[in-house]
Protein chains: 2
Amino acid sequence: MVYRDSFHKTLEDYPRPSVAVDTAVLTVPPGGELAVVIVSNRLPGTFIHPGERLSDAVLRSLREKAGIEGLRPRQLLVFDDPDRDPRGWVISVAHADAIPTRRLNPNRSHYLLPVARLDKLDYAHNEIVELAVAELRADYVAAPDPAQLLEEPFTLRELHTLHEAVAGEPLQRDTFRRAMVPMLAATGERSTGSMGKPAELYRRG
Amino acid sequence: MVYRDSFHKTLEDYPRPSVAVDTAVLTVPPGGELAVVIVSNRLPGTFIHPGERLSDAVLRSLREKAGIEGLRPRQLLVFDDPDRDPRGWVISVAHADAIPTRRLNPNRSHYLLPVARLDKLDYAHNEIVELAVAELRADYVAAPDPAQLLEEPFTLRELHTLHEAVAGEPLQRDTFRRAMVPMLAATGERSTGSMGKPAELYRRG
DNA sequence: GTAATAGTGTCTTTCAGACAGTATTCA
DNA sequence: TGAATACTGTCTGAAAGACACTATTAC
């Protein structure tokens, strides 16, 4: 059987795939390492509903499966292997975003896995996580905490520690400072309660 | 009506969108500027067929609508506005690739439009072209002619002219040379027939 | 010869890496 | 006071921008 294209042909003639979304939600627990939100050994996902945007399907799946609200997920890539899903012909659009750990709802069935030591997830979800991590790392090279994981105001040390967690490797302290300070807004306030000289508190520029 | 997810639920219960592909094919005519292949005021596209990969649908649409063969299109992004297409619920996956102008079939209904002066295309196709151009430009900063638009062997002048056409702006000659030579393989041969000192001929490293 | 093109030398600026130094706080 | 942390000064090396210079060809 052959399906032919024509502008005036009705769409009903074409068999259609189911369209799903899967989302890698990254976070950095305080003092911890970069981790991804997992629900029963895979990324939270769902099928899109009629009239729905992909991003709305992502938000719905995160709300229902992990109690996460208020993200702005970005598309990563489309998985289109017709044999990928045993249930049938499914096309899956991978998404990614990051969220502060304090906004994760602890009374839920999801859990965090560090991305550096990730076992095999169901489907091709490891690849999604890798892409999400690569995007987040690229963003964090260019700007201070672009995903707004830190609560304002913050010290340069807190920012440095966060960026090292995202990068997965040490970042030179003075180079980091010189690169970031011009993109930050100093508050004039100083940190309190810590050992050593109190640090300037900053907000994102 | 509400559609609920369940691993064991059959996929037949879900209304499904049609899934299309649209492709921005970029090229640089000899001595010309960066241009995109257009078919009747839009990018070539089609609906995917059952069992087909997105990239195969792209290749099929390019073959049937523009006589183009042998590309390896890359995904750019998914257009998912439910009201985008007047024919119904259509999700479109934008793709991009580049092709040497000499491989374009002139006996076809497609035509080239320079990307610098692009009128409004149908659908949201201008955005696809912009993304495709941005990706191509990023690739051409990092490597000599990664899309293999030039026939080998080529001189540094030819490479330089091509990279300027892709970038859409002048590129410093000596800096360009120093950046590219380590990534090229000198043939030991020299160009002939031109004014001035004959140039070394190179192949891609 | 001149015009045109190919290719090199080198100075300056910029910036990351590296390391050492000074400054200010807590215990 | 010493330990810990914040912040700055400065040297070095790599690379880009800029410009001038030499080299080899066609005419």
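A polar contact here is a pair of N or O atoms within 3.5 Å. In this predicted model, Gln172(B) has one with DNA strand D: an N or O atom of the Gln172(B) side chain is 2.8 Å from a base nitrogen. Below is a quick tour of the surface around that strand, then the nonpolar core.

**Contacts with DNA strand D**
- Arg178(B) also goes for a base: an N or O atom of its side chain is 3.0 Å from a base nitrogen of DNA strand D.
- Glu200(A) uses its backbone instead, with an N or O atom 2.9 Å from a phosphate oxygen of the strand.

**The surface near DNA strand D**
- Helix 4 (173-180) of chain A and helix 4 (173-180) of chain B are the elements that put two or more residues on this surface.
- The top contributor is helix 4 of chain A, with four residues.
- In total, 21 residues surround the strand, and the closest are Arg157(A), Arg173(A), Lys197(A), Gln172(B) and Asp174(B).
- On the DNA side, 62% of the strand's atoms within 4 Å of the protein belong to sugar and phosphate.
- By residue type, the surface splits into 11 charged, five polar and five nonpolar.

**The nonpolar core**
- The largest nonpolar core counts 36 residues, and Ile48 and Ile68 of chain A plus Ile48 and Ile68 of chain B have the most contacts inside it.
- Strand 1 (18-27), helix 1 (54-66) and strand 5 (90-98) each supply at least two core residues, in chain A and in chain B.
- Leaving out residues up to four places away in sequence, Ile68(B) touches Val25(B), Val37(B), Leu59(B), Leu62(B), Arg63(B), Ile99(B) and Leu104(B).

How values were computed
Residues numbered from 1 in each chain as written. Chains lettered and ligands numbered in written order. Predicted model: local features only at pLDDT ≥ 70, side-chain atom pairs only at ≥ 80, totals over all residues. Heavy atoms only, no water. Core = buried A, V, L, I, M, F, W, Y, C linked by side-chain atoms within 4.5 Å. Buried < 20%, exposed > 50% of the residue type's maximum accessible area, 1.4 Å probe, protein only. Contact = heavy atoms within 4.5 Å. Near = heavy atom within 4 Å. Polar contact = N/O pair within 3.5 Å; in protein donor to acceptor, adjacent residues only side chain to side chain. Nonpolar A, V, L, I, M, F, W, Y, C, P; charged D, E, K, R; others polar.
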